[in-house]
Amino acid sequence: MDSNSSSKKRAPVQPSRAAGRQRVSDILAAASELMAERGYEATTMAEIALRAGAKIGSLYRFFPNKEAVADALLQQNIAVLNDEYSALAQKASELSLEDLADVLIDFLTVHYPRVKSLSALMEARTDRLEIRSRSRQQALNGIATALTIAAPRLDNDTAKDIAAVTLNLMKVMRAMTTKDAPTTAGATAELRRMNRLYLLDRLTPYQK
């Protein structure tokens, strides 16, 4: 068996020491930046090591190939969003509807820097449609959960419908903020106002 085949089958190393865990964190952060900037295919292991300030041998010690880096990074991105949606659910009952609307409309913009490579990672995978579907369902479930906590009488089907509309508004806000969508100086404030009015109108009848 050649070394390349061996590296493809070798599992990533899970470091037990703090220094090793920090090095892995640095590697994944560098990979995230590069893949967001250049795309998955154009990013090389040498570039990841250079951006992370690591020796190439150290990179291969933890990750046998770029696919292993991408798998770890994808799982990290999904875990980050899952944790943030869980945190949102925990504080949803303490927020006014206006504040909840503001938290939701800014959610993707606030957390985008931590998961900015997610789109590039999904595009590079053969199972991207499945992953995109799972990611969208994760978002819808997270939003719907927060909505039903804020408005306890909201039924599941209506919560999912409102969540779908809200998610699309969240995506527009992120795209406008990153200049990936047409915008003007006051457009994000208008979108924020629209989201507040929408959620107030839809959720108020379902509160206690």
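What percentage of the 208 residues of the chain count as buried? The share is 39%, where buried means under 20% relative accessible area with a 1.4 Å probe and protein chains only.

Before selecting anything, note that this is a predicted model, in which local features need pLDDT of at least 70 and side-chain atom pairs count only at pLDDT 80 or more, while totals for chains, interfaces and linings use all residues. Residues are numbered from 1 along each chain as its sequence is written, and side-chain values use heavy atoms, with hydrogens and water left out.

Begin with the whole chain as a C-alpha trace, which spans about 65 × 35 × 30 Å along its principal axes. Colour by secondary structure next: the chain has ten helices and zero strands, assigned as DSSP runs (H or I over at least four residues for helices, E over at least two for strands) and numbered from the N terminus.

Now select residues 97–111, helix α6, together with residues 128–150, helix α8, whose axes lie 11 Å apart at an angle of about 175 degrees. Axes here are lines fitted to C-alpha atoms over the stretch in contact, with angles running from 0 to 180 degrees between N-to-C directions. The two helices α6 and α8 are therefore roughly antiparallel, a term for angles over 145 degrees.

Show side chains last: Leu-97, Leu-100 and Leu-104 of α6 meet Ile-143, Ala-146, Leu-147 and Ala-150 of α8, contact meaning heavy atoms within 4.5 Å. This contact of α6 with α8 comprises seven nonpolar residues, with no polar and no charged ones; the nonpolar class takes in Ala, Val, Leu, Ile, Met, Phe, Trp, Tyr, Cys and Pro, the charged class Asp, Glu, Lys and Arg, and the polar class the others, Gly among them.

Conventions:
Angles under 35 degrees count as roughly parallel, over 145 as roughly antiparallel, 65 to 115 as roughly perpendicular and the rest as oblique. Buried means under 20% relative accessible area, exposed over 50%, partly exposed in between (1.4 Å probe, protein chains only).
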